[in-house]
Amino acid sequence: MKTYLTKDIRNVGIVGHGGTGKTQLVSSLLFTAGMTPRWGKVAEGTTTTDFDEEEIVRKISTQTALAHAEWPCTLCSGANVKINFLDLPGYGTFINETKASLIAADCALIAVDAHVGAQVTTEKDWDFCLEYDIPRAFVLTWMDRELSSFERSMESLQQSFGRSVVALQLPIGTERGFRGVVDLVAMKAHFYTPDGDGKPKIEEIPAALAEDAKEAHERLVEMVAEGDDELMEEFFREGTIPIEDLIPGVRKAIVAEKIVPVLMISAAHNIGNGSLLTFLADVFPHPDEHEEEGYTEPNGKGNRVERKYDDAQPLSIFVFKTMADPFAGRINYFKVKSGVLKNDVTVTNFVRGTQERMQHIQIVQGKTLTEIGELHAGDLGAIAKLKETLTGDTLGDKNAPVFYRPAQIPEPAITFAVEPKTRSDEDKIGVAIHKILEEDTALRFSRDPQTKEFLLAGSGQQHIEVVVAKLHKRYHVDLTLKPRKVPYRTSKANTKNNLADTASSASAASSSNPRSATKASNSWTTFSAAPFPTTGFRPSNVAFAKPPCAASSPVFP
Ligand SMILES: Nc1nc2c(ncn2[C@@H]2O[C@H](COP(=O)(O)OP(=O)(O)OP(=O)(O)O)[C@@H](O)[C@H]2O)c(=O)[nH]1
Ligand SMILES: [Mg+2]
């Protein structure tokens with residue numbers, strides 16, 4: 001694959017509530033763009049981005065996956081741009097993974113089930129976008145589903161997120177009869193063949209939709225013109241904005257986060273995907289439109305360091321995700337924050353004070369890594385076998401140090417005791433868990449100094465179950481999950497000892513965490529009101545800790 005310049009790169013985080021169809025969407029977009037010869041399906045376990053064994057078995061995403069597509073940008077004289085997708089988990093128990101990786105995106109597509117409307121995770125994802133200050137769009141998924149509704153979805157989204165939410169498309173057909181979309185910018189109809197190649201046949205808007213389309217177009221024009229004096233003047237003078245001014249106007253309004261457009265698809269039947277790719281290529285921002293924040297000290301401390309997504313600036317790289325591959329070893333996903341990263345260059349890890357050689361830099365398509373000669377500012381890549389580098393580290397030119405702030409992930413919400421099944425499992429648990437901890441920033445492992453139990457703490461029961469299954473499948477370590485024993489503390493006389501215990505368990509926890517250099521003060525073991533698993537063995541006399549983000553009931557039935 002050729003290398004792409006900053007202005008021709010789009011880094012799109014795909015977020016949304018669990019099961020809204022994000023992974024199927026990415027798979028359909030890749031197929032539509034001709035990046036995969038086969039159309040991967042979640043149901044068949046053949047998508048590009050749910051490649052982990054656990055994801056295939058459970059049919060849910062449990063970790064960040066990267067993919068990319070090339071697609072023509074009509075605003076760039078039809079030349080291809082590279083769209084990097086970050087397919088992120090939607091279930092509440094994996095939301096920390098989503099937050100940690102969304103930091104690498106410059107814009108987000110929030111998937112919303114057109115049958116349900118806004119849900120708990122939709123709101124959380126919206127908040128993450130605000131925290132990272134990235135423009136966003138909604139994509140209504142499952143448009144082919146019975147009782148799906150464009151109108152009710154719009155109502156729900158506007159109710160939750162305000163009047164900046166505006167339709168960029170209208171559906172052609174409903175439920176099983178969903179056949180395409182009306183493009184409200186160019187005022188054309190895009191017809192699709194169900195289960196076809198995902199590319200639209202562009203025609204005039206059918207007469208039955210003409211009136212609705214005119215109304216929706218006017219609303220869009222008004223929203224775009226609002227706050228833009230030049231466009232507003234043109235709007236009053238002409239009564240509308242001509243398309244050659246409207247497309248850049250829509251782009252400007254989205255990038256400035258003045259409007260949040262709504263598009264729609266059926267990922268399962270490949271309807272609407274070509275139009276969505278064109279939207280991402282034409283309208284979503286490139287990395288340099290997203291302000292960069294560098295600091296003189298780790299964790300966003302010290303003074304600001306001026307950096308831009310610019311090839312001419314000194315090289316800096318931010319690692320947003322570490323994967324533990326049982327065969328390839330440690331793989332780090334990174335974003336080039338400034339400068340050009342050339343294969344084989346030696347860089348400094350500013351957080352750990354070590355040197356790393358960037359040998360065999362790669363681009364990522366799910367589990368397939370392909371070597372590439374160089375990556376420009378703003379692009380995403382991967383590299384295997386760095387010696388010490390982990391999630392959250394900044395690397396770069398030793399003469400121009402900078403630190404980028406890692407994602408702020410909350411401490412675990414639930415703790416289990418785990419018991420190795422055999423002596424051999426006990427011997428192997430340390431090495432295996434260390435590898436999992438490297439890739440999972442929301443997980444903690446320690447040994448309770450009082451009860452001598454091994455403890456695993458994470459975001460929810462499903463999170464811990466997936467970790468236990470990974471330990472079994474990847475490293476052949478078998479563990480039994482149990483409720484954690486709560487140390488029984490009797491009298492005031494014990495207070496001194498208890499404090500000492502808490503301190504020692506805190507240090508045990510931090511030493512088990514490969515990121516302890518930066519996180520020691522936040523040790524999770526300091527919460528002593530031990531939460532218990534959500535099902536199975538909940539003792540009646542202990543407070544029950546709910547998973548952090550239970551599924552909400554639909555906004556409309
Ligand atoms: N009919 C229909 N089914 C869909 C559509 N999109 C996704 N699905 C199905 O919905 C199920 C969940 O899809 P995924 O793509 O795994 O959903 P997800 O949002 O990635 O799920 P998580 O990553 O676990 O949050 C799968 O069985 C898909 O085939 C759609 O547009 N129409
Ligand atoms: Mg998924």
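In this predicted model, ligand 1 sits among 23 residues, and the closest of them are Gly 21, Ile 60, Ser 61, Gly 90 and Ala 268. Sorted by class, that shell holds 11 polar, nine nonpolar and three charged residues. Its largest share, three residues, is supplied by helix 1, which covers residues 22-32.

Helix 1 also has a helical partner to deal with. Its axis comes within 9 Å of the axis of helix 9 (residues 273-282), and the two cross at roughly 85°. With angles of 65 to 115 degrees counted as roughly perpendicular, helix 1 and helix 9 therefore fall into that group. On the helix 1 side, the contact uses Ser 28, Leu 29 and Thr 32, while helix 9 brings in Asn 273, Gly 274, Leu 276 and Leu 277. Four of these contact residues are polar and three nonpolar, with no charged ones in the set.

Two further helix pairs are worth a look. Helix 3 (residues 95-102) and helix 4 (residues 120-132) have axes that come within 10 Å and cross at roughly 25°. Since angles under 35 degrees count as roughly parallel, helix 3 is roughly parallel to helix 4. The crossing of this pair is right-handed. Here Ile 95, Lys 99 and Leu 102 of helix 3 meet Thr 121, Lys 124, Phe 128 and Tyr 132 of helix 4. The contact between helix 3 and helix 4 is a mix of four nonpolar, one polar and two charged residues.

The other pair is helix 6 (residues 207-225) and helix 7 (residues 229-238), whose axes come within 8 Å and cross at roughly 140°. The cut-off for roughly antiparallel is over 145 degrees, so helix 6 and helix 7 end up oblique to each other. Val 221, Val 224 and Ala 225 do the touching from helix 6, and Leu 231, Met 232 and Phe 235 from helix 7. This contact has six nonpolar residues and no polar or charged ones.

Turning to the strands, strand 8 (residues 180-183) pairs with strand 7 (residues 169-172) through four bridges, in the antiparallel sense. Within that pairing, Gln 169 has Asp 183 of strand 8 as its bridge partner. Strand 8 is likewise joined by four bridges to strand 9 (residues 188-191), again antiparallel, and Val 181 is bridged to His 190 in strand 9. Strand 8 and strand 9 make a hairpin with four residues between them, and Met 187 in its turn has a positive phi of about 55°.

Another hairpin is built from strand 12 and strand 13. Strand 12 (residues 294-297) and strand 13 (residues 301-305) run antiparallel and are joined by three bridges, with Tyr 295 standing opposite Arg 304 of strand 13. Three residues separate the strands of this hairpin, and Asn 299 adopts a positive phi near 60°. Strand 12 has a further antiparallel partner in strand 24 (residues 403-404), to which two bridges join it. One of the bridged pairs is Gly 294 with Tyr 404 of strand 24.

Further along the chain comes an open sheet of four strands, ordered 26-27-25-28 and paired antiparallel. Strand 26 (444-447) and strand 28 (479-483) are at the edges with a single partner strand each, so one side of each has no neighbour in the sheet. On average, neighbouring strands of this sheet are turned by 35° against each other, direction ignored. Inside the sheet, five bridges hold strand 25 (residues 414-420) and strand 27 (residues 454-458) in an antiparallel pairing, and Phe 416 stands opposite Leu 456 of strand 27.

Two helices pack on this sheet. Helix 10 (residues 423-439) lies across strand 25, strand 26, strand 27 and strand 28, and runs at about 145° to strand 25. Helix 11 (residues 461-475) touches strand 25, strand 27 and strand 28, and its direction makes about 125° with that of strand 27.

Key: Residues are numbered from 1 along each chain as its sequence is written. Chains are lettered from A and ligands numbered from 1 in the order in which they are written. This is a predicted model: local features need pLDDT of at least 70, side-chain atom pairs count only at pLDDT 80 or more; totals for chains, interfaces and linings use all residues. A residue is near a molecule or strand if its C-beta atom, placed from the backbone, lies within 6 Å of it. Ala, Val, Leu, Ile, Met, Phe, Trp, Tyr, Cys and Pro count as nonpolar, Asp, Glu, Lys and Arg as charged, and the others, Gly among them, as polar. Two strands pair if DSSP finds at least two bridges between them. Axes are lines fitted to C-alpha atoms, for helices over the stretch in contact, and angles run from 0 to 180 degrees between N-to-C directions. Two residues are in contact if their C-beta atoms, placed from the backbone, lie within 7 Å. A crossing is left-handed if the near helix is turned anticlockwise from the far one by less than a right angle, and right-handed if clockwise.
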